[in-house]
Amino acid sequence: MNQTLAIIKPDATGNARAGKILSHLESAGFALRAARMMTLTRAQACSFYDVHRERPFYGSLVDFMTSGPCIPMVLESADAVARLRRVIGATDPAEAEEGTVRSLYAESKERNAIHASDSDRNADREIAFFFSEAERLG
């Protein structure tokens, strides 16, 4: 078993989809090990998404992620990172497989309901960004 980070994004919390997304993740076999609701500050969003600083969408991503509450969470399962990426679907919901989180709950490529770590290394970094070891179960 290993852990990964997911963030239910402001579009999903603002449209009352957070519970449905969490239920979807638990039904897919993920165990919730830590979670909190928060509104990211601009400094937090800039730091978290620093890897994208040179990309053209960086500014709009930071604006979006600070626009309302989000729910960072630690999820656990076998092969957690790859498995979560399959369960949430493609970044663009129009390209996401039917039944994935983004096909069901995302509004657009930019307002895509959920973030998921893209590697084990990034999962460790991203989990540590939001949660101390004492805050995580399992």
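This is a selection-by-selection tour of a predicted model, going from the largest pocket to the salt bridges and then to two buried loop residues.

**Largest pocket**

Begin with the largest pocket, which holds about 630 Å³ of space. Select Lys9, His52, Phe57, Leu61 and Thr91: of the 22 residues in the lining, these are the closest to the centre of the pocket. Next, colour helix 4 (58-65), strand 4 and helix 7, the elements that give two or more residues to this lining. Colouring the lining by class gives seven nonpolar, six polar and nine charged residues.

**Salt bridges: Arg17, Glu107 and Arg111**

The structure holds seven salt bridges. For a set that is joined up, select Arg17, Glu107 and Arg111, which are linked in a network of salt bridges.

Take Arg17 and Glu107 to start with; the closest N and O atoms of this salt bridge are 3.8 Å apart. The pair links distant parts of the chain, with the two positions 90 residues apart in numbering. Arg17 is in the loop between helix 1 (10-14) and helix 2 (18-27), while Glu107 is in the loop between helix 6 and strand 4.

Now add Arg111, whose side chain meets that of Glu107 in a salt bridge at 3.0 Å, N to O. Show the surface over the three residues. Arg17 counts as partly exposed because its relative accessibility is 25%. Glu107, with a relative accessible area of 39%, is partly exposed, and Arg111 is partly exposed at 34%.

**Salt bridge: Glu76 and Arg33**

Move to Glu76 and Arg33, a salt bridge in which the closest N and O atoms are 3.1 Å apart. This pair also links distant parts of the chain: Glu76 belongs to strand 3 (residues 71-77) and Arg33 to strand 2 (residues 31-35), 43 residues apart. Which partner is buried? Glu76 is, since its relative accessibility is 10%, under the 20% limit for a buried residue. Arg33 is partly exposed, with a relative accessible area of 24%.

**Ser117**

Select Ser117, in the loop between strand 4 (114-116) and helix 7 (120-130). Its relative accessibility is 0%, so Ser117 counts as buried. Show the side chain of Ser117 together with that of Glu126: the two make a polar contact at 2.6 Å.

Then expand the selection to what Ser117 touches. Leaving out residues up to four places away in sequence, the list is Thr4, Leu5, Val81, Arg85, Asn122, Ala123 and Glu126. Of these, Leu5 is worth a distance label: the C-alpha atoms of Leu5 and Ser117 are separated by 5.6 Å, although the residues are 112 apart along the chain.

**Thr100**

The last stop is Thr100, in the loop between helix 5 (80-88) and helix 6 (101-105). What does the side chain of Thr100 reach at 2.7 Å? It reaches the backbone oxygen of Glu97, so show main-chain atoms there to see the pair.

Thr100 counts as buried because its relative accessibility is 6%. To view its surroundings, select His24, Arg86, Val87, Ile88 and Gly89, which Thr100 touches when residues up to four places away in sequence are not counted.

Notes:
Residues numbered from 1 in each chain as written. Predicted model: local features only at pLDDT ≥ 70, side-chain atom pairs only at ≥ 80, totals over all residues. Heavy atoms only, no water. Helix = DSSP H or I, 4+ residues; strand = E, 2+ residues; numbered from the N terminus. Buried < 20%, exposed > 50% of the residue type's maximum accessible area, 1.4 Å probe, protein only. Polar contact = N/O pair within 3.5 Å; in protein donor to acceptor, adjacent residues only side chain to side chain. Contact = heavy atoms within 4.5 Å. 1 Å grid on protein atoms, 1.4 Å probe; cavity = no way out; pocket = protein on both sides within 12 Å on 5 of 7 lines; lining within 4 Å. Points joined across faces, edges and corners; volume = space filled by probe spheres on them. Nonpolar A, V, L, I, M, F, W, Y, C, P; charged D, E, K, R; others polar. Salt bridge = Lys/Arg side-chain N within 4 Å of Asp/Glu carboxyl O.
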